[in-house]
Amino acid sequence: MYWPPTIRGVIDRRILVNFRISPEPLESVLPDQFRPRTVAGPDGPRAIGGICCIRLREMRLRGLPAAVGVTSENAAHRIGVEWDEGGATKTGVYVPRRDTSSRLNSLVGSRTFGRHFHADFTVTEGGGRYELRMENETDGVSMSVSATETDTFPEDSIFPDLSSASAYHECGGVGYCPSPDGTQLNGIELATDEWHVKPLAVEDVHASFFETAIPADGVAFDNALLMRDIGHEWRPRRSISTPETA
């Protein structure tokens, strides 16, 4: 079995756009190995899903100089999950879809860390404001977000404060994504050199995946978080066979 290498780079900018989701509709979205990792709320437990909009720079095989690294815009649709492994409960994210601006990432990533689709990205940022749009015309998948840096965490979030939201995502570094042939869930771990987030005030958000996969009354925007200039590594995790091929 081919074991993919560890990739080193810098998270130039990472925006986590988060939705709170009724757990029941996710039964048709999540593989059987996973269950939603929920957060208690006034209307009952809610799963946390969303999109990681991440610009990566200096991406290269660990051990190579940063000068040979590449830069790309990427969007990962994520759902917080937990599963049983070795007699313990593990936490991470299920990533049903990844899109990238890099054709190299689309080719190489699909062979190592789960299917990556090539998409068009439009990004405008500066002065603490961010406007991002991703569109894959072939599959009809799109997302967009307009947001501004702030010091205030939203009062209507299911999380009581910024620290609680940060801790939830910090425990979600391990992700599983369907392999191109659908026979496996390819695993990868995001290991950051440090961890700190700040809140974003969102004026507008759109995510076609969550709008079509989940009934409208089962999903609502919750919060958005920003990370900047974080050294990190992408480390391979052993793949999981799907029930049909296990």
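**Strands, a surface patch and some lone cysteines**

Hi everyone, let's start with one pair of residues: Ile 7 sits opposite Leu 61 of strand E4. Please keep in mind that this is a predicted model.

Now, where do those two residues belong? Ile 7 is part of strand E1, residues 7–21, and E1 pairs with E4 in the antiparallel sense over 13 bridges. Leu 61 lies in strand E4, which covers residues 46–61.

E4 has other partners too. Strand E3, residues 38–39, pairs with E4 through two bridges, also antiparallel, and here Thr 38 faces Ala 47 of E4. The hairpin of E3 and E4 has six residues between the strands, and in it Gly 44 takes a positive phi near 105°. Then there is strand E5, residues 70–85, joined to E4 by nine bridges and running antiparallel to it. In that pairing, Met 59 stands opposite Val 70 of E5.

So is E4 enclosed or open? Look at the count: 13 of the 16 residues of E4 are buried, so the strand is largely enclosed by the rest of the structure. Leu 61, however, is partly exposed, at 40% relative accessible area. Leu 61 also joins Leu 64 and Val 68 in a nonpolar surface patch of about 250 Å². Why can Leu 61 count towards a patch? Patch residues need over 30% relative accessible area, and Leu 61 has 40%, so that cut-off is passed.

Let's move along the chain to strand E10, residues 141–149. This one is mostly covered, with seven of its nine residues buried. On one pairing, E10 meets strand E9, residues 129–136, over eight antiparallel bridges, with Arg 129 opposite Thr 148 of E10. Four residues lie between E9 and E10 in their hairpin, where Gly 140 has a positive phi near 70°. E10 also pairs antiparallel with strand E13, residues 198–207, through seven bridges, and Met 143 stands opposite Ala 207 there.

Last topic: cysteines. How many disulfides are there? With a cut-off of 2.5 Å between sulfur atoms, the count is zero. Take Cys 171, which is in no disulfide: the nearest cysteine sulfur belongs to Cys 52 and is 16 Å away. What about Cys 177? The closest cysteine sulfur to that of Cys 177 is again in Cys 52, and because it is 13 Å away, it is too far for a bond. The surroundings of these two are worth a look as well: Cys 171 is partly exposed, with 43% relative accessible area, whereas Cys 177 is buried, with 1%.

Thanks for listening!

Technical notes: Residues numbered from 1 in each chain as written. Predicted model: local features only at pLDDT ≥ 70, side-chain atom pairs only at ≥ 80, totals over all residues. Heavy atoms only, no water. Patch = residues over 30% accessible without salt bridge, like charges linked within 9 Å, V, L, I, M, F, W, Y side chains within 5 Å. Areas by Shrake-Rupley, 256 points an atom, 1.4 Å probe, with all protein chains shown as cover. Salt bridge = Lys/Arg side-chain N within 4 Å of Asp/Glu carboxyl O. Buried < 20%, exposed > 50% of the residue type's maximum accessible area, 1.4 Å probe, protein only. Pairing = 2+ DSSP bridges.
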